[in-house]
Amino acid sequence: MLQPDDPGLSLAIAPLNVDVGEAGDRYAIWVLQAPHPGGYVHHDCSWSDVLTQTWREWQDLFSLNRLPVPTPPQPATVGVSTPTADPFVPAETPPMGSYSSRLMQQLGLELWTWLFAGAVQRSFAQSQGIALGRRMPLRVRLDVRDPALIGLPWEIAQPRLGKPALSLAQNILFSRTTCDVDPLSLRNASRSLQMLLVLGQPNDSRASVLDLETEASEIAELFANCSRQDAVVPYRVDTLIQPTPAELLDRLETKQYNILLYSGHGVPSPEGGRLFLREDTTLTGTELAQVLVRSQVTLAVFNTCWGAGPDRENDRLIPRSSLAEVLVHHGVPAVLAMRDAIADREALSFIQSFAQALAQRQPIDRAVAIARQQLLTLYKFNQPAWTLPVLYLHPEFDGHLLEAPHQIVTELPENSTTRLDRLSTKACLRSLDPDDTVWRIRRGLLRVGRTEDNDAVVPERWVSQRHAEIFYRHLHDCSYPTYFLRDFSRYGTLVREDDDWRKIHHQEISLSSGTQLKFGSSQGQAWEFVVDS
């Protein structure tokens, strides 16, 4: 769950005065969540004819799957139509360079200018200031409610030249979301990476089962390398190659996984996408969502074409047909899918960096940003690889797959011979006065002092608030239970030896059964340490 002090800004985009699923020119942009009361603002705007032209040119250059675009009232008359054409003049004109670089920058600048306008821009700036004051990143989540706009690469939105894109900024964690969701079931952050790798029907029909086994071993090796390099969290990777739906569902429900990674052929469909487990066997996103929620898988990753894009019918985009959106709608906390086709080597590079960031206990949205930066470094800014991963997060999910280091409680292994709740002997501290008070030493530790937060409370004025502690220590060369007393007090602790009392002060001594003690003063109450036979 999102923490109350986490600075987050959630935006929504929805069409105005048009039928759902049809492209229009009027949109509402408003703030659903902000870290300050005055941030809940609203802005209406028209879709830009310049944006339409740039988006068409982007698809001509970068996309294998052309999507319908919003149609403004007037056709575009200017643009970056050829590498030698003079670009139109937006808020900032990109510098001269390759056509693909200028087009990438141009679309990023225009998307930012359109999304963060008017009161929305002011709310964003105030939210950034609050996050900076708290020394925390600002979580920006975007809910796109028009399928005509889902295919746009919002991840590349850029405030101005020289500034990083929205999905690459160090002080911003960007993801998409959908607010029409089933509630998020309560789950604890995991302590290890438990991944089920599913290899379905490959996009290349010539690939054999041997090729799939090779791919599975390569991905498993990526996780093994991350574990060896970081030595932070344990991991497990199980593999299913072209399973039946029953085999997949049975594995998810009988074993505990926090990550599902699917690699194979997939297509958009009205049921939330369709995955080809085998050539003649498919599984829809709606069907998969039910079992992912039941088995409490936190993160689903899809290395399949257009897993983050909507389906269309008669050149009309169908609402809620994106695989990623449908899974989050049904209550899956996090889904990572590709906006367009991605090459195998690019996908492996991304998965390697992503897994390494997760092994370092980074939240999912930060891990995606790190892996996206790696794609940009390897395949350059003017190539679409770094723009392809699209992350959807449930609005109630805080993004943490693994426990943060400060949340981890130190525990001994279940089979440890030194577990203090499994001692074969019992010990106590009992009063030698008539009141016959007995303080049991539980889990191998007894804290003695004057205040109520101690295990053994001795209300005498010469007893310190935190006076001493009696504890069990496992010694491998000793066949009998060994207890010690450590003194922290102002006036010391008296130990009876051979009919005489010896004072110890800020020291540690071993105790044997029958040892008598006084805390702070010889006038104090006498106690006897006893080990039960």
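Which strand holds Q33? Q33 is found in strand β2. This is a predicted model, and β2 is a good place to enter it.

**Strands β1 to β3**

Strand β2 spans residues 26-33 and pairs with strand β1, residues 8-15. The pairing is antiparallel and runs over six bridges. One of the bridge partners is known by name: S10 has Q33 as its partner in β2. Strand β2 also pairs with strand β3, residues 42-46. That pairing is antiparallel too, over five bridges. Here R26 stands opposite S46 in β3. Strands of a sheet pair through backbone hydrogen bonds, either parallel or antiparallel.

Q33 has a relative accessible area of 27% and is partly exposed. Its C-alpha lies 9.9 Å from that of P395. In sequence, Q33 and P395 are 362 residues apart.

**Strands β9 to β11**

An open sheet of three strands follows the order β9-β10-β11, with antiparallel pairing. β9 (266-267) and β11 (281-284) each have a single partner strand, so one side of each is left without a neighbour in the sheet. Two bridges join β9 to β10, residues 274-278. G266 stands opposite L275 in β10.

**Salt bridges**

Side chains of opposite charge can pair when their charged atoms come close. The count comes to 17 salt bridges. Three of them are listed here.

| Pair | Closest N to O | Relative accessible area |
|---|---|---|
| R320 and D180 | 3.0 Å | R320 27%, D180 43% |
| D238 and R236 | 3.1 Å | D238 15%, R236 29% |
| R294 and E253 | 2.5 Å | R294 55%, E253 43% |

R320 and D180 meet in a salt bridge. This pair links distant parts of the chain, 140 residues apart. R320 sits in the loop between β14 (316-317) and α8 (323-329). D180 sits in the loop between β5 (172-176) and β6 (193-199).

R294 forms a salt bridge with E253. This pair also links distant parts of the chain: R294 is in helix α7 (residues 285-294) and E253 in helix α6 (residues 245-254), 41 residues apart. R294 counts as exposed, whereas E253 is partly exposed.

In the remaining pair of the table, D238 is buried and R236 is partly exposed.

There is also a network of salt bridges, which links E469, R473, R486 and E508.

**A buried acid without a partner**

E346 lies in helix α9, residues 344-359. Is E346 buried or exposed? E346 is buried, yet has no salt bridge. The nearest side chain of opposite charge is R345, 4.9 Å away. A salt bridge needs a nitrogen and a carboxyl oxygen within 4 Å, so R345 at 4.9 Å does not qualify. Leaving aside residues up to four places away in sequence, E346 touches L375, Y379, A385 and L388.

**Aromatic rings**

The structure holds 14 aromatic pairs. Among them is F381 with W386, which is stacked: the centres are 5.8 Å apart and the planes differ by 25°. F381 is partly exposed, at 27% relative accessible area. W386 is buried, at 1%.

Y27, W47, W114 and W154 form one aromatic cluster.

Arginines also lie over ring faces. R466 lies over the face of F488, at 3.9 Å from the ring centre. R473 lies over the face of F484, at 4.5 Å from the ring centre. R473 belongs to the salt-bridge network with E469, R486 and E508 as well.

Key: Residues are numbered from 1 along each chain as its sequence is written. This is a predicted model: local features need pLDDT of at least 70, side-chain atom pairs count only at pLDDT 80 or more; totals for chains, interfaces and linings use all residues. Side-chain values use heavy atoms; hydrogens and water are left out. Rings of Phe, Tyr and Trp (its six-membered ring) pair if their centres lie within 6.5 Å; planes under 30 degrees apart count as stacked, over 60 as edge-to-face and the rest as tilted. Buried means under 20% relative accessible area, exposed over 50%, partly exposed in between (1.4 Å probe, protein chains only). A charge sits over a ring if NZ of Lys or CZ of Arg is within 6 Å of the ring centre and within 35 degrees of the ring normal. Helices (H or I, at least four residues) and strands (E, at least two) are DSSP runs, numbered from the N terminus. Lys and Arg count as positive and Asp and Glu as negative; His and the chain ends are not counted. Contact means heavy atoms within 4.5 Å. Two strands pair if DSSP finds at least two bridges between them.
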